[in-house]
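Colleague: I'd like to learn how to read a model with bound ligands. Could you walk me through this one, feature by feature?

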Amino acid sequence: MRPIRVVIPFKLDCAKSRLSTVLSTVERERLALAMLEDVVDAVSGLGTVTILLKSPLPGGGVLEDKISGAGKRSGIEVLDSPKELDEALNLVIEAEERKGWPGDLLIAMADLPLMSPSDIADLVRTPGDVVIAPGRGGGTNIILIRDPRFRVCYYGLSFLKHLRRAEELGLSVGVFESFRCSIDIDEPSDLVEALIHGRGRTPELLRDMGFELSGKRSKSRVGCLRLEGASRKGPARRS
Ligand SMILES: Nc1nc2c(ncn2[C@@H]2O[C@H](COP(=O)(O)OP(=O)(O)OP(=O)(O)O)[C@@H](O)[C@H]2O)c(=O)[nH]1
Ligand SMILES: C[C@H](OP(=O)(O)O)C(=O)O
């Protein structure tokens, strides 16, 4: 199997804004960092890992000082880029192409806390010039790129856009269907999945923040918030 370089795009500034109804700005940053560490744990056995960090960091400093285990692990590179997601990633792909494509490129989003090393091991065994693990709602949670001509185009039903782009290039596509890889944490209702199925830092942090499962599927009022399936002890905190 060809070497694989893992790239995890990560933005901390205004992270996870779709969770702002249930988490303060600081809490969303803490959650984003916890999920990043869980993702790094899941992919670390594959090869070199690059965290493609949207710079500048809120409040300055360096990412390594904000994450514990993952940031200190050998083989983790943090690459700063002020560019938006697509441009930042396509510049990385183009750089690998100019180097003669020394290895394949696996792009994993930083908000996939359920993903496990075995899921990733199965994904990289999936045939295709491009292999995609779709996210719910038409997103692209993980993409393995084996052909340097491919470029990414996220947001707005990106899964379909990536299928179309591969077809236009005459590339074969593998779709990796996995419950654990399909769960990206975007909306408050996604927190239930992290609490039920998560095994790493993310569910631990959510419980520390006072989230708990309500036992049955019910609408729980938390202040003016309504959470399906999970309720929060104490008053909802806002930034
Ligand atoms: N390097 C980089 N990463 C990004 C950028 N925008 C989002 N990301 C990362 O890409 C992944 C998917 O992005 P989203 O799910 O939209 O994350 P988000 O922007 O924090 O969430 P929302 O504010 O709710 O859209 C996450 O790992 C983000 O950290 C960007 O402009 N640059
Ligand atoms: C990055 C984006 O994430 P979503 O907004 O779909 O969760 C996508 O997968 O295209």
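Colleague: Let's start with a single residue: does Y155 count as buried or exposed?

Modeller: Happy to! Keep in mind that this is a predicted model. A residue counts as exposed when its relative accessible area is over 50%. Y155 has 59% relative accessibility, so it counts as exposed.

Colleague: And where is Y155 found?

Modeller: Y155 is in the loop between β6 (139-145) and α5 (158-169). Its phi is positive, about 70°, although Y155 is not a glycine. L157 lies in the loop between β6 and α5 too, and L157 also has a positive phi, near 55°. With a relative accessible area of 47%, L157 is partly exposed.

Colleague: Now the ligands. Which residues come nearest to ligand 1?

Modeller: For a shell, the cut-off is a heavy atom within 4 Å. Ligand 1 has 18 residues around it, and K11, K16, S17, R18 and Y155 come nearest. Both β1 (4-10) and β2 (49-54) supply at least two residues each to that shell. By class, the shell holds nine nonpolar, one polar and eight charged residues.

Colleague: Which backbone atoms make polar contacts with ligand 1?

Modeller: Here we look for pairs of N or O atoms within 3.5 Å. A polar backbone atom of K16 is 2.8 Å from an oxygen atom of ligand 1. The backbone of A110 also faces an oxygen atom of the ligand, at 3.0 Å. For L52, a polar backbone atom is 3.0 Å from a nitrogen atom of ligand 1. On its own, ligand 1 has 610 Å² of accessible area, and the protein covers 92% of that.

Colleague: Which residues surround ligand 2?

Modeller: Its neighbours are R18, G139, T140, Y154, Y155, S158, D184 and D186. They comprise two nonpolar, three polar and three charged residues. As for polar contacts, a polar side-chain atom of D186 lies 2.5 Å from an oxygen atom of ligand 2. D184 offers a side-chain N or O atom at 2.8 Å from a ligand oxygen, while T140 uses a polar backbone atom, at 2.8 Å from an oxygen of the ligand. The protein covers 86% of the 290 Å² that ligand 2 has accessible on its own.

Colleague: In which pocket does each ligand sit?

Modeller: Ligand 1 sits in the largest pocket, and ligand 2 sits in the largest pocket as well.

Colleague: One last item: which residues does the cis peptide bond join?

Modeller: Omega is the angle to check. The cis bond joins S55 and P56, with omega about 0°, and P56 is in the loop between β2 and α2 (69-72).

Notes. Residues are numbered from 1 along each chain as its sequence is written. Chains are lettered from A and ligands numbered from 1 in the order in which they are written. This is a predicted model: local features need pLDDT of at least 70, side-chain atom pairs count only at pLDDT 80 or more; totals for chains, interfaces and linings use all residues. Side-chain values use heavy atoms; hydrogens and water are left out. A polar contact is a pair of N or O atoms within 3.5 Å; within protein, one must be able to donate a hydrogen and the other to accept it, and residues adjacent in sequence count only if both atoms are side-chain atoms. Accessible areas come from the Shrake-Rupley method with a 1.4 Å probe; for residues, only the protein chains shown count as cover. On a 1 Å grid over the protein atoms alone, a cavity is a set of points where a 1.4 Å probe fits but cannot get out, and a pocket is an open set with protein on both sides within 12 Å along at least five of seven lines; lining residues have an atom within 4 Å of a point. A molecule sits in a cavity or pocket if more than half of its atoms lie within 2 Å of its grid points. Ala, Val, Leu, Ile, Met, Phe, Trp, Tyr, Cys and Pro count as nonpolar, Asp, Glu, Lys and Arg as charged, and the others, Gly among them, as polar. Helices (H or I, at least four residues) and strands (E, at least two) are DSSP runs, numbered from the N terminus. Buried means under 20% relative accessible area, exposed over 50%, partly exposed in between (1.4 Å probe, protein chains only).
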